[in-house]
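Welcome! Here is a short guided tour for anyone meeting this protein for the first time. Have a look at the sequence and the model, then read on.

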Amino acid sequence: MGSNVVYAQGTSTWSYGLNPYYGAVLKYKEQMKQLEFTDLYGVELYANKVADGSKAWHHLYNYPQWGVAASYFNYGVPNELGWVTSLTTYLDFTAGKKKHKWRINIGTGAVYSSKTFEPVTNEENTAISSKISYVLRGTIHKEFQLNEQYYFNVNLAFRHYSNGRLNMPNNGMNYPIIGVGLRYLPNPVVRKSVEGNSVIKEPKVRFSLRGSMAWREVWEIDEKQRAYSLGVYAAKQVSKFNSVLLGVDAFRYDQESIEKSNIVYRDKEGLDESEALDDSTDQVAITIGTELLISKVSVIVQAGIYVHKPQVFYANWYQRYGLKYNFSNHVFGQFSLKSHSRTADMIEFGAGFTILYSAISK
């Protein structure tokens, strides 16, 4: 059973907020010396749209908010790390229905870095090598309602920057931050719940075919090599919130990319050049995962185990995190990150086709 909502005034509204932050960068590799001296601070401006109850998933996720945020952070190491700005989109979920609420905020976007790796002028910055990188964001915050228009929050957040191996080195930047802030809701509204059958669980199995392309780098200041992936999946909705999926992934890398990776592996392991390494370009894997259903958007999390992997420099398993948008019942686009543990392998840009499509709501 779901519920429909009727507002006493208005149908939807936006709120606006500001959060200052303070934190430190995580030094997770010994050779990243500059990360020892960070004194990170920054500020974020954002705009949230409040769910109006017009869609079934608004009820399912307890009237979430979604929005866009612009941020500025300074690492406190001007010559090597500089500062960054980012533009992100996100979903903000509410836990419980009390006046003072716990909220969780997850999202992604793009980040611009003023200082990046340069082999001659900035060789100490092995964390960031692209002016434009991707950002993953997560925030847990406690929000206190001061009155109908103002909300005060205390939060703990985490940011991860990476270019998905588009450029090397790609160690990435990771930092936890703490902050406080204020959110302003110009047009408070009153909601009224009416019970109704608005959320339906579909019993069908969906079969999907997805193809993707990626660009990646093996050496520092290297030419980009292409990589391709093809996936065949079966997905079954198991709750109002998510589906489970099982499938097969196939990957093909550029021949030059594999040959260069073998050279890197030989150097790392101290192998003789006469040591034979397979230079095959293909991989095949079995994958299992989950798909969080949010209207036309899905959040994909997968884990895969290789059943055919001649390359010795790769781990025997991988994970994938992605966003999928359903343009229709049968056509979708997908953006995802394939990674081996903490090491990004590639950012995939793909599209696919689905039959026997099943969604929680329209």
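## A first stop at Ala351

Leaving aside neighbours within four places in sequence, which residues is Ala351 in contact with? They are Leu209, Arg210, Gly211, Phe332 and Gly333. Keep in mind as you explore that this is a predicted model.

Ala351 belongs to strand S18, which covers residues 343–355. Its relative accessible area is 44%, so Ala351 is partly exposed. One of its contacts, Gly211, sits 140 residues away along the chain, yet the C-alpha atoms of Ala351 and Gly211 are separated by 5.8 Å.

## The chain as a whole

Stepping back, the protein chain has 18 strands and two helices. It holds 362 residues, and 49% of them count as buried. Take the contacts between residues at least 6 apart in sequence: 62% of these join residues at least 24 apart.

## Two nonpolar cores

In soluble globular proteins, nonpolar side chains tend to be buried together. Here, the largest nonpolar core has 17 residues. Phe73, Tyr75, Tyr161, Met173, Tyr175 and Ile177 have the most contacts inside this core. Strands S8 and S9 (173–184) each supply at least two of its residues, and S9 has the largest share, with three.

Another core lies apart from this one. It has 10 residues, including Ala214, Phe251, Ala285 and Tyr314.

## Cavities inside the model

How many cavities of 30 Å³ or more does the structure hold? There are three, and the largest contains about 150 Å³ of space. Its lining is made of 17 residues, with Asn19, Tyr46, Asp92, Asn105 and His141 the closest to its centre. Strands S2 (13–23), S3 (40–50), S5 (83–95), S6 (101–113), S7 (132–145) and S8 each give two or more residues to this lining. S7 gives the most, with four residues. Sorted by class, the lining of the largest cavity has eight polar, six charged and three nonpolar residues.

The second largest cavity has a volume of about 120 Å³. Of the 13 residues that line it, Ser208, Tyr233, Leu245, Glu291 and Lys324 lie nearest its centre. At least two lining residues come from each of strands S11 (205–216), S12 (225–237), S15 (297–308) and S17 (331–340). The lining of the second largest cavity has six nonpolar, four charged and three polar residues.

## Two buried residues with polar partners

Asn155 is found in strand S8, which spans residues 150–162. Is Asn155 buried or exposed? Its relative accessibility is 5%, so Asn155 counts as buried. The side chain of Asn155 makes a polar contact of 3.3 Å with the side chain of Tyr21. Beyond its sequence neighbours within four places, Asn155 is in contact with several residues, among them Asn19, Thr139, His141 and Ile177. Two of these names have come up before: Asn19 and His141 are among the residues closest to the centre of the largest cavity.

Arg183 lies in strand S9. With a relative accessibility of 5%, Arg183 also counts as buried. Which side chains does the side chain of Arg183 meet in polar contacts? One is that of Ser15, at 2.9 Å, and another is that of Glu143, also at 2.9 Å. Setting aside neighbours within four places in sequence, the residues in contact with Arg183 include Gly17, Tyr46, Asn48, Gln65 and Tyr150.

## Some backbone details to look for

Most residues other than glycine have a negative phi, and most peptide bonds are trans. A few places in this model are worth a look with that in mind. The peptide bond from Met168 to Pro169 is cis, with omega near 0°. Pro169 sits in the loop between S8 and S9.

Tyr63 is not a glycine, yet it has a positive phi of about 55°. You will find Tyr63 in the loop between helix H1 (56–60) and strand S4 (65–74). Its relative accessibility is 10%, which is under 20%, so Tyr63 counts as buried. Ser295, likewise not a glycine, has a positive phi of about 55°. Its place is the loop between strand S14 (282–294) and S15.

Note on methods: Residues are numbered from 1 along each chain as its sequence is written. This is a predicted model: local features need pLDDT of at least 70, side-chain atom pairs count only at pLDDT 80 or more; totals for chains, interfaces and linings use all residues. Side-chain values use heavy atoms; hydrogens and water are left out. Buried means under 20% relative accessible area, exposed over 50%, partly exposed in between (1.4 Å probe, protein chains only). A polar contact is a pair of N or O atoms within 3.5 Å; within protein, one must be able to donate a hydrogen and the other to accept it, and residues adjacent in sequence count only if both atoms are side-chain atoms. Contact means heavy atoms within 4.5 Å. On a 1 Å grid over the protein atoms alone, a cavity is a set of points where a 1.4 Å probe fits but cannot get out, and a pocket is an open set with protein on both sides within 12 Å along at least five of seven lines; lining residues have an atom within 4 Å of a point. Grid points are joined across faces, edges and corners, and a volume is the space filled by probe spheres set on the points. Ala, Val, Leu, Ile, Met, Phe, Trp, Tyr, Cys and Pro count as nonpolar, Asp, Glu, Lys and Arg as charged, and the others, Gly among them, as polar. A nonpolar core is a set of buried Ala, Val, Leu, Ile, Met, Phe, Trp, Tyr and Cys residues joined through side-chain atoms within 4.5 Å.
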